Amino acid sequence: MATVETVRGAIDVDRLGPTLMHDHIFILHPEYMQNYGRGAWDEDERVADAIDKLRSLVGKGIRTIVDPTVLGLGRDVPRIQRVAAGVPELNIVVATGIYTFHDVPLVYHYRGPGLEVDPDGTDPMVTDFVRDLTEGIAETGVKAAFLKCAVQEAMSPGVERVCRAVARAHRETGAPITTHTNARARSGRAAIELYRAEGVDLTKVVIGHCTGTGDLDYLTEIADSGAILGMDRFGADPDTAGLDAQVHTIAALCERGYADRMVLSHDADCFNDLFGPDALAVSARLRPDCHYEFLSDTVLPALRAAGVRDTDISGMLVDTPRRYFTRA
């Protein structure tokens, strides 16, 4: 029977239920925070706030949140364990990988094939990712269930190295991949090209943030590769495609038979220090609709009003996430 790892251990994939496939709990930069001030961050207060928000999400019928917070975004699994303990009805799935738009983290700069340290060895990123997936993250006993990387625009040498390490960890373990992309820059194409060359099973790849464009030719090209479209920035992109356009795009893709190639989410969080010391106030002003309940309260009714069938909505929330996490 197929299982998937969560913060509380492995569960049957059938227990995932309605799933938000790309939502963070916390995005933090602790080195900056430790040196330049904690701003609005208070550990106990923010953990309690996250528990409250996630309990409300459970009340909307969501049973799983997939959190793609990795190195570069402040992954802290013991903190997520505290949150998970307060929301026992919710599955929280965590990732391994690296989030960078340009260079590899400096700790990897000198190590690996062709580099000054261990030039003939395996890339240490691959070793670290595989350990997170097979043994657990740090000393927590929590195993990552998927891999995460980013292709924002150009495929820089650092981004390419991370993506190839992710691809090789996928080949070794069968773990699926989620990729941050920029839909306006059509950067999903570069990701697909690299994964295909690396022998990745493209049906186990989510090309994220496809809500940022209404270009159906681009979106169907990605879906026709076998990959899954991450329609996962509802409320997070007020400066790009608005809700009406996003709903229209999903309805058009469903009409063309691509409902089974999409997943849904917000790219929301409970706290994000990218917005500086006044993070909570700035986020509320810039992204008032970017919260966990926006999909249930606003997006799903709009999709139904646009003619998207409940079976297609269930497919995007339940069936495709289950298939994505079911390893061969």
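Contact here means heavy atoms within 4.5 Å. The model is predicted: local features need pLDDT of at least 70, side-chain atom pairs count only at pLDDT 80 or more, and totals for chains, interfaces and linings use all residues. Residues are numbered from 1 along each chain as its sequence is written, and side-chain values use heavy atoms, with hydrogens and water left out.

**Exercise 1. The core**

Task: find which residues Ile 92 touches, and place Ile 92 in its core.

Solution.
- Start with the contacts. Leave out residues up to four places away in sequence; Ile 92 then touches Thr 6, Val 7, Ile 25, Leu 54, Ile 65, Ile 80, Val 83 and Ala 84.
- Define the core. A nonpolar core is a set of buried Ala, Val, Leu, Ile, Met, Phe, Trp, Tyr and Cys residues joined through side-chain atoms within 4.5 Å. Buried means under 20% relative accessible area, exposed over 50%, and partly exposed in between (1.4 Å probe, protein chains only).
- Place the residue. The largest nonpolar core has 91 residues; Phe 26, Leu 54, Ile 92, Tyr 195 and Leu 264 touch the most other members.
- Find the main contributor. Helix H5 (residues 157-173) gives the most to this core, with seven residues. Helices (H or I, at least four residues) and strands (E, at least two) are DSSP runs, numbered from the N terminus.
- Look beyond it. A separate core of 16 residues includes Leu 16, Val 206, Ile 228 and Phe 325.
- Add the general rule. In soluble globular proteins, nonpolar side chains tend to be buried together.

**Exercise 2. A surface patch**

Task: say which residues form a nonpolar patch on the surface, and where Tyr 110 is found.

Solution.
- Name the members. Leu 106, Tyr 110 and Val 117 form the patch, with about 310 Å² of accessible area together. Areas come from the Shrake-Rupley method with a 1.4 Å probe; for residues, only the protein chains shown count as cover.
- Apply the criteria. Patches are made of residues with over 30% relative accessible area and no salt bridge; like charges are joined within 9 Å, nonpolar side chains (Val, Leu, Ile, Met, Phe, Trp, Tyr) within 5 Å.
- Locate Tyr 110. It sits in the loop between strand E6 (91-97) and helix H4 (124-134). Its relative accessible area is 42%, so Tyr 110 is partly exposed.

**Exercise 3. Positive phi**

Task: describe the phi of Ala 138 and the loop that holds Ala 138.

Solution.
- Read the angle. Ala 138 is not a glycine, yet has a positive phi of about 55°.
- Recall the background. Most residues other than glycine have a negative phi.
- Give the setting. The loop runs between H4 and strand E7 (146-151). Ala 138 is exposed, because its relative accessible area is 64%.

**Exercise 4. Salt bridges**

Task: work out how Arg 322 and Asp 14 meet, and how far apart they lie in the chain.

Solution.
- Set the criterion. A salt bridge is a side-chain nitrogen of Lys or Arg within 4 Å of a carboxyl oxygen of Asp or Glu. The structure holds 24 of them.
- Check the pair. Arg 322 and Asp 14 form a salt bridge, 3.8 Å from N to O.
- Trace the chain. Arg 322 is in helix H11 (residues 310-325), and Asp 14 is in the loop between strand E2 (9-12) and strand E3 (19-20), 308 residues apart.
- Add exposure. Arg 322 counts as partly exposed at 27% relative accessibility; Asp 14 is exposed, at 55%.
- Turn to a pair within a helix. Arg 131 bridges to Asp 128. They are three residues apart in helix H4, so about one helical turn separates them.
- End with a network. Salt bridges link Glu 43, Asp 44, Asp 76, Arg 79 and Arg 82.
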